[in-house]
Amino acid sequence: MIDFKKLVSEYKTPLYIYDLDYMSSQYTELKDAFKARKSILCYAVKANSNLSVIRHFAKLGSGADCVSIGEVHRAFLAGIPAYKIIFSGVGKTDDEIRQAIEKDILYINVESEAELSRVEIIAKDLDTTCRISIRVNPNIDPQTHPYISTGLHDNKFGVDLGTAKRMYIKANNSQNLNPVGIHFHIGSQLTELKPIYESAEIVADLVRSLQNLKIQLKFFDVGGGLGIKYKDENLIDTYEYAQAILATLKGLDLTVICEPGRFLTANAGYFVSKVLYEKQNGEKKFLVIDGAMNDLLRPALYSAYHKIEAVTDSKSDVRAVDIVGPVCESGDFFAKDYPLPELSHNDLVVVHSAGAYGFGMGSNYNTRGRSAEVALENGEARLIRKRETFDDLIALEKEFLD
Ligand SMILES: *Cc1c(COP(=O)(O)O)cnc(C)c1O
């Protein structure tokens with residue numbers, strides 16, 4: 001049991017709390033599932049990019065999947081070795097590509113023919129060879145929320161099979177490109193195994209047809225996307241997940257790369273807020289708390305469900321309330337018609353499953369400083385990011401005030 005009251009008395013609210021031991025157990029479970037093969041788990045840094053969180057995964061042997069050069073720098077700072085760092089993303093600037101090549105990371109995940117040309121030109125300019133992987137869009141419906149679905153042709157991600165093959169042939173003939181991997185990532189919060197299996201089969205077949213052309217890849221990158229329980233979702237069993245993927249690789253000598261984000265961190269995280277007051281507008285009851293959409297955007301962005309728990313001495317029955325923050329937007333809510341007892345000023349409200357796509361999606365909207373972040377490990381709590389102050393928020397502007 002986490003003592004939220006004690007943590008709040010020390011670190012104040014709003015506050016993010018991450019259970020690093022939970023992250024370890026998720027990491028180990030997934031890593032073990034793949035143990036029949038060589039594998040690297042490359043933690044998807046965007047899920048929670050706090051340096052201490054990345055460091056924690058680095059110590060467990062994890063690699064990093066990064067979607068900006070900033071994330072690549074975070075991965076290095078946190079101690080992830082270059083040969084376990086991947087750089088993905090649909091739009092990379094020349095400068096990002098250059099830096100990634102200079103840092104000699106494992107590979108760049110290329111997402112279009114135009115990008116392949118840019119990488120080649122930049123590698124040539126640097127007089128070197130760049131290891132690449134190509135993100136294939138298998139055109140499989142992942143059956144998840146459309147905003148987090150990425151594996152269909154009407155999404156912006158990856159290239160179709162025919163294009164991928166052309167790109168591999170081009171890369172293989174280039175002095176400055178070394179095609180080492182193949183990648184797919186069909187979406188996030190996946191709760192069905194079938195689309196993953198079907199995608200892996202399609203991509204593995206492409207690997208075989210490349211072999212026939214004497215293009216020998218080393219890495220089979222299955223992306224991330226494993227779903228977690230926010231409420232009552234069906235979960236993919238990690239062992240079955242790994243078995244399904246490995247079954248498609250018969251006869252192929254490939255290292256499996258997996259890029260979990262949410263699976264490793266979401267349910268390790270709690271977002272804790274204080275009750276400011278309750279109010280009633282007509283029939284509707286609102287609970288106004290000191291956390292807001294600038295701290296945790298998922299409910300506003302995707303109407304995402306988060307389990308919410310009150311820490312209170314209240315003995316009242318539960319009633320349906322809308323839990324809202326102070327930001328001036330109607331979208332600033334954590335839950336609608338959520339059953340909670342009557343709460344008073346300074347009672348705590350704990351939002352669960354907040355360890356992924358929580359803090360990182362935060363902003364300073366309404367000139368609100370971002371929350372502090374605290375890590376729990378072996379029963380000890382420690383601060384891993386200070387609460388932002390007003391001075392932090394204006395630091396880049398105040399010199400221009402005439
Ligand atoms: C976001 C992302 C991931 C991680 O997704 P999760 O759903 O958090 O596991 C992995 N790979 C790529 C390329 C991504 O864009």
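These questions and answers walk through a predicted model of a protein chain with a ligand.

Reader: How many helices and strands are in the protein chain?
Author: The model is predicted. Its protein chain holds both kinds of element. The count is 12 helices and 17 strands.

Reader: What is the radius of gyration of the protein chain, and what does the globule rule give for 402 residues?
Author: The two values are close, so the chain is as compact as a globular protein of that length. Along its principal axes, the C-alpha trace spans about 70 × 55 × 40 Å. The radius of gyration is 23 Å, and the rule gives 21 Å.

Reader: Which residues come nearest to the ligand?
Author: The space taken by the ligand is the largest pocket. Around the ligand stand 14 residues. The nearest of them are Lys46, Ser188, Glu259, Arg262 and Tyr357.

Reader: How do the residues of the shell around the ligand divide into nonpolar, polar and charged?
Author: The shell has members of each class. Lys46, one of the nearest residues, counts as charged. The division is three nonpolar, six polar and five charged.

Reader: Which residue has a backbone N or O atom 2.8 Å from an oxygen atom of the ligand?
Author: Side chains supply other contacts. An N or O atom in the Lys46 side chain is 2.8 Å from a ligand oxygen. In the Asp65 side chain, such an atom is 3.1 Å from a ligand nitrogen. The backbone contact comes from Gly225.

Reader: How much of the ligand does the protein bury?
Author: Start with the ligand taken alone. It then exposes 380 Å². Of that area, the protein buries 94%.

Reader: Where is the cis peptide bond that has omega near -10 degrees?
Author: Most peptide bonds are trans. This one leads into Pro14, which is found in the loop between helix 1 (4-11) and strand 1 (15-19). The bond runs from Thr13 to Pro14.

Technical notes: Residues numbered from 1 in each chain as written. Predicted model: local features only at pLDDT ≥ 70, side-chain atom pairs only at ≥ 80, totals over all residues. Heavy atoms only, no water. Near = heavy atom within 4 Å. Polar contact = N/O pair within 3.5 Å; in protein donor to acceptor, adjacent residues only side chain to side chain. Areas by Shrake-Rupley, 256 points an atom, 1.4 Å probe, with all protein chains shown as cover. 1 Å grid on protein atoms, 1.4 Å probe; cavity = no way out; pocket = protein on both sides within 12 Å on 5 of 7 lines; lining within 4 Å. Sits in = over half its atoms within 2 Å of the grid points. Helix = DSSP H or I, 4+ residues; strand = E, 2+ residues; numbered from the N terminus. Rg over C-alpha atoms; globule rule 2.2 N^0.38 Å.
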